[in-house]
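Here is a short report on salt bridges and on one helix. Please look at the model first.

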Amino acid sequence: MAPPPPVPAARSSDAPPPAPAPRLDWRIRFALLALVWGLSFLFVKVSGAAYAPLQVALGRVVFGALTLLAVLAVKREALPRDPRLWLHLAVAAFLLNALPFTLFAYSEERITSALAGICNATTPLFTLLVAVSALPGERPNRNRLAGMALGFLGVLVVFGIWNGANVGDPVGAGMALGAALSMGAGWVYVRRFLTDSGHSSVALSAAQVTAGAVELAVVTPFLTSAPTHFPLVPTLSLIVLGALGTGVAFLIQYGLVRDAGATVASMVTYLVPVVSTAAGAAVLGEVLKWHQPVGALVILAGAALSQRPAPSAAAKRAARGAELPDK
């Protein structure tokens, strides 16, 4: 999926040197990331045809964790050892992995994968809303307030509120929005407690996804029955969802933050619903109501507006000075 890019953690003095320059141009990796995250909603839908929602979420984090741990071993980095840090990682894993992945899997039993991808586009808006509420330094400026208002107007358009929430299943759409809210809260938590840990983002991500796998492994056996057969296509879809959509996708995103900057990397969010909508229509024959893509455009416009920096005081004074007539 497409949460806002993590802020790279500060490196300790004995941390390994930065990774070598990437072979692929960042624009190609940007497109690949949008493709992988957009297709994730299709993979959730296909996996859900054979596995219970909790099993889809569990399989996703297990294969994602295995991928990240393998990369960590190749880089010869270690997982964190501080128990207090692991507590924070467990909270982040619940908010960013266990809960939203489960909610998306349940939601796609009720709504199309395309609509789930559109609901995911609200993640930057929820991140901003939670940050403004929870972080003292995040003051809402005019652009942020207008962007949030426009974004949530877009949510009402997606729901077809004038027709009484004409989205097929309001509960399913609400679950998808709940997943986006959870991820928004999760990224604020990561920013508050994990960005200055002294570990690389890859190590933190591997530990976080592993913690999410443990959390889901504890509850899944009590809430679902073990699968008795493993159909090929849904099983392959689940493996790809975890290894690519949760494992490799994070590595691509981390590289984009490093090479192109966090602002550029965050723009991948705007392409994800386009990919999820196209994939749902082409592969599953899903049909959207006219107001859903229109609402998606309004949501993305609000997200883009909320990320625009407010003009500085000096810029405002300069603009006022330029408007004064010459004497």
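Buried means under 20% relative accessible area, exposed means over 50%, and partly exposed lies in between (1.4 Å probe, protein chains only). This is a predicted model, in which local features need pLDDT of at least 70, side-chain atom pairs count only at pLDDT 80 or more, and totals for chains, interfaces and linings use all residues. Residues are numbered from 1 along each chain as its sequence is written, and side-chain values use heavy atoms, with hydrogens and water left out.

## Salt bridges

A salt bridge here is a side-chain nitrogen of Lys or Arg within 4 Å of a carboxyl oxygen of Asp or Glu. The whole structure holds three of them.

| Pair | Closest N to O distance |
|---|---|
| Arg27 and Asp25 | 3.1 Å |
| Glu77 and Lys75 | 3.8 Å |
| Asp169 and Arg110 | 3.1 Å |

Start with Asp25, the partner of Arg27. Asp25 is partly exposed, at 34% relative accessible area.

In the second pair, Glu77 is buried, with a relative accessible area of 16%. Its partner Lys75 is partly exposed at 35%.

The third bridge joins Asp169 to Arg110. Asp169 sits in the loop between helix H6 (142–159) and helix H7 (170–193), and Arg110 in the loop between helix H3 (83–107) and helix H4 (113–120), so the pair ties together parts that are 59 residues apart in sequence. Helices are DSSP runs of H or I with at least four residues, numbered from the N terminus. Asp169 is buried, with a relative accessible area of 17%. Arg110 is partly exposed, at 44%.

## Helix H11

Helix H11 spans residues 272–284 and has 13 residues. From first C-alpha to last it reaches 17 Å, close to the 18 Å expected at 1.5 Å a residue. That expected span is 1.5 Å times one less than the number of residues.

Which residues of H11 are buried? They are Val272, Pro273, Val275, Ser276, Ala279 and Gly280. These residues cover an arc of only 160° around the axis, which puts them on the same side of H11. The arc is that of the directions from the helix axis to the C-beta atoms. An α-helix has 3.6 residues a turn, so residues three or four places apart point the same way.

On the other side of H11, Val274 and Ala282 are exposed. The buried residues of H11 pack against helix H1 (26–47), H4 and helix H12 (291–307), where contact means heavy atoms within 4.5 Å. After H11 comes Gly285, with a positive phi near 70°.

Key: Helix = DSSP H or I, 4+ residues; strand = E, 2+ residues; numbered from the N terminus.
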